[in-house]
Amino acid sequence: MSVSVVLGTQWGDEGKGKLVDILAAEVDVCARCAGGNNAGHTIVVPIGPEKIKTTFSFHLLPSGLINPKCVGLIGNGLVVHVPSFFAEVDALQAQGLDCTGRLFISDRAHLVFDFHQIVDGLKEVELGGSSIGTTKKGIGPAYSAKASRSGLRVHHLFDHDTFAEKFRRIVEGRFKRYGYFEYDTEGEIQRYKVLAERLKPYVIDSVSYIHKAIADGKRVLVEGANAIMLDIDFGTYPYVTSSQTTIGGVCTGLGIPPKKIGKIIGVVKAYTTRVGGGPFPTEQLNDIGVYLQEEGREYGTTTGRRRRCGWLDLVVMKHSCLINGYDSFNLTKLDVLDNLEEIKVGVKYLVNGEELPGFPAVDCIHYLLCRAPS
């Protein structure tokens, strides 16, 4: 099959970007299928005739763009904050990575606006001590609007009058829900009129594009964002992202039928990390956790937040394998464990002495014990 997929097997930050960078050297199209600029991949590669090592940070754009012959596609399943899109493009260009003519956005992708980001913060305040710990990039509110059929998509930008009318109505609805917050509605409408013109060359019918690429025998690599334990259905709900981060999200986020998907590669970190709130059975709130943070340089690419750290969790891995059906694994950061005298691995969850058959749907972290082999 011409479509390969790279997915996160844990809570994200497994090192997917590095593998995508390696594989992208031999593909024609690198596509993203879900999420937004809440994801983050850091890649260090030599650039230019002098081969100077350069650090690139990707948030919304497919990291396969490092390969100058690879086309980057932002699929319909993503939510796109247009100013952040251009900020990322401009930053890459300034570092010597030219994306001209090889970066496209689906006309069906939903839009994230600044008011979504404001609402994201307001929702976290409402939750108080039960906050999710989002990146406050507006991803959740944008997906909520999509699900409630009140969102705006990329194609709406090109009918300015209709866009302006819908935009005003949506913002007024947010004022009614959250109370008035400072926001220049008319200024934003004019801002997006200008942005729409700049965005137009990037916008395509992504379904037609990717199916033509497959039919022409081009090699397509799908770059997953986040990971299965942050999936809206199969993750540690509600401490999850707002999209499908599994193999199912590849189909719905790009319009690719399952039969077109070939190899599925799961990226596994040799220990476990996560950011934000929520269950983390093997978390080490001790010197081991600090060691993993520092030795593994566990800080978020997008937010700079310190990641929570713990041992490898094989219950999570089994759950991950059942749902995504990996063909192979890419094990990362094994060298971080080199200096530890003892390495533990979570192998089962016991509740009242009984082993659970899999990762539980309920948040039973307060009475859940994770056992490690002796």
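## Annotated binding site

According to the UniProt annotation "binding site", taken from an unreviewed entry, two positions are covered: D13 and G40. They are spread over 28 residues of sequence, yet they cluster in space, with a largest C-alpha distance of 8.0 Å. From this set, G40 also belongs to the lining of the second largest cavity. The structure discussed here is a predicted model.

## Surroundings of D13

D13 lies in the loop that runs between strand 1 (3-8) and helix 1 (16-24). Its relative accessible area is 22%, so D13 is classed as partly exposed, because that class begins where the buried class, under 20%, ends.

Leaving aside residues up to four places away in sequence, D13 touches K269, T273, V275 and R307.

## Surroundings of G40

G40 is placed in another loop, the one between strand 2 (29-32) and strand 3 (41-47). With a relative accessible area of 23%, G40 is likewise partly exposed.

## The second largest cavity

The model contains two cavities of 30 Å³ or more. The second largest cavity has a volume of about 50 Å³.

Which residues line the second largest cavity? They are R32, A39, G40, H41, F58, H59, L61 and E223. Sorted by class, this lining has three nonpolar, three polar and two charged residues. G40 therefore counts among the polar residues, because Gly is placed in that class.

Terms used. Residues are numbered from 1 along each chain as its sequence is written. This is a predicted model: local features need pLDDT of at least 70, side-chain atom pairs count only at pLDDT 80 or more; totals for chains, interfaces and linings use all residues. Side-chain values use heavy atoms; hydrogens and water are left out. On a 1 Å grid over the protein atoms alone, a cavity is a set of points where a 1.4 Å probe fits but cannot get out, and a pocket is an open set with protein on both sides within 12 Å along at least five of seven lines; lining residues have an atom within 4 Å of a point. Grid points are joined across faces, edges and corners, and a volume is the space filled by probe spheres set on the points. UniProt positions are given in the numbering used here, feature names are shortened, and annotations may be inferred rather than shown by experiment. Helices (H or I, at least four residues) and strands (E, at least two) are DSSP runs, numbered from the N terminus. Buried means under 20% relative accessible area, exposed over 50%, partly exposed in between (1.4 Å probe, protein chains only). Contact means heavy atoms within 4.5 Å.
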